[in-house]
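Reader: I should like a close look at a single part of this predicted model, namely one strand and its surroundings. Please set that part within the chain as a whole, and indicate where caution is needed.

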Amino acid sequence: MSEYEFDLFISYSRHGSVQKWLLNHFYGKLRECLADEYGSLNVYVDRQMPSAVHWPSNLRDALQRSKIMVQLLTPPYFQSSWCMAETRSMQAREEMLGFAGHGGSSQGLIYPILYGDSENFPDWGKVRAWRDFKDVAYPDPSYQQSVEYNKFHHKVKELARDLAQLVAQAPPWRPDWPLVEVPEPVLLPTPPLPRFE
């Protein structure tokens, strides 16, 4: 393959409530709003892996074949070796292209969304302008029945317009996009089966 496979790659930490929010609200609404703004865009989220794949390779390949990375920022995001490898890989691509303050365009290939408290982010994690979603960061399904959900829909619709523009301006795919090594997964021991007396 010698081209992009995904328009957007969603990068997030599995700690805290952001994963529930992503799966219960954000991912589906983003796809709907992107369809309204652009037609059809391919969005990668790590919940769509086929069975029996080597998931570190799948993540690495998906990132390398994605145009834009969308970060869902929380304090645990910056403590995750996986998230940091994804971020550093995309930063290295920006540097290669002279994007995001690396001698050329100030626009980058990383689009941050603020989900959690930014007071606990490292200083380097605060230098890029983000879209603030903290006021609509309700992970539970019941949120969809609230009046406030209209505000969430409006925010995602505005976000979709931005992302559609960024995707349209993405540079042509290159096979030498840099990738920072991701850690191998730690295989946890199988939990013991409960004993019935």
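Author: The account below begins with the strand, moves outward to the core and two individual residues, and ends with the confidence of the model.

The strand chosen is β4, which spans residues 110-114. The model is a predicted one, and its protein chain contains four helices and five strands. Along the sequence these elements are arranged as β-α-β-α-β-α-β-β-α.

Is β4 buried or exposed? Five of its five residues are buried, so the strand is largely enclosed by the rest of the structure. The cover extends to both faces: on one side I110, P112 and L114 are buried, and on the other side Y111 and I113 are buried as well. For the chain as a whole, buried residues amount to 45% of the 197 residues.

Two strands pair with β4. Strand β3, residues 66-73, runs parallel to β4 and is joined to it by five bridges. Within this pairing, M69 has I110 of β4 as its bridge partner. Strand β5, residues 131-132, is also parallel to β4, and two bridges connect them. There, L114 stands opposite D132 of β5.

Both β3 and β4 also contribute to the largest nonpolar core, as each gives two or more residues to that core. The core has 50 residues, and those touching the most other members are L8, I10, F26, L30, L72, F133 and F152. Besides β3 and β4, the elements that supply two or more residues are β1 (6-12), α1 (18-37), β2 (43-44), α2 (55-64), α3 and α4 (149-168). L8 illustrates how separate parts of the sequence meet: setting aside residues up to four places away in sequence, its contacts include L30, V43, I68, V70 and L163. Across the chain, 70% of the contacts with a separation of 6 or more are between residues 24 or more positions apart.

Helix α3, residues 81-97, contains S89. This serine counts as buried because its relative accessibility is 3%, and the cut-off for buried is under 20%. Its side chain reaches the backbone oxygen of A85 at 2.8 Å. A polar atom of the S89 side chain also lies 2.7 Å from the backbone nitrogen of V180. Apart from residues up to four places away in sequence, S89 touches L63, P178, L179 and V180.

The segment after α4 holds D176. With a relative accessibility of 41%, D176 counts as partly exposed. The side chains of D176 and R174 form a polar contact of 3.0 Å. D176 and R93 are separated by 83 residues in sequence, while their C-alpha atoms are 9.2 Å apart.

As for surface and confidence, the protein chain exposes about 10900 Å², of which carbon and sulfur atoms supply 50%. The average pLDDT of the chain is 85, and 81% of the residues score at least 70. Over residues 186-190, however, the pLDDT is below 50, and this stretch has zero contacts in the model beyond near neighbours in sequence. Predicted coordinates should not be read in detail where pLDDT is low.

How values were computed. Residues are numbered from 1 along each chain as its sequence is written. This is a predicted model: local features need pLDDT of at least 70, side-chain atom pairs count only at pLDDT 80 or more; totals for chains, interfaces and linings use all residues. Side-chain values use heavy atoms; hydrogens and water are left out. Buried means under 20% relative accessible area, exposed over 50%, partly exposed in between (1.4 Å probe, protein chains only). Contact means heavy atoms within 4.5 Å. Accessible areas come from the Shrake-Rupley method with a 1.4 Å probe; for residues, only the protein chains shown count as cover. pLDDT is the predictor's confidence in each residue, from 0 to 100. Two strands pair if DSSP finds at least two bridges between them. A polar contact is a pair of N or O atoms within 3.5 Å; within protein, one must be able to donate a hydrogen and the other to accept it, and residues adjacent in sequence count only if both atoms are side-chain atoms. A nonpolar core is a set of buried Ala, Val, Leu, Ile, Met, Phe, Trp, Tyr and Cys residues joined through side-chain atoms within 4.5 Å.
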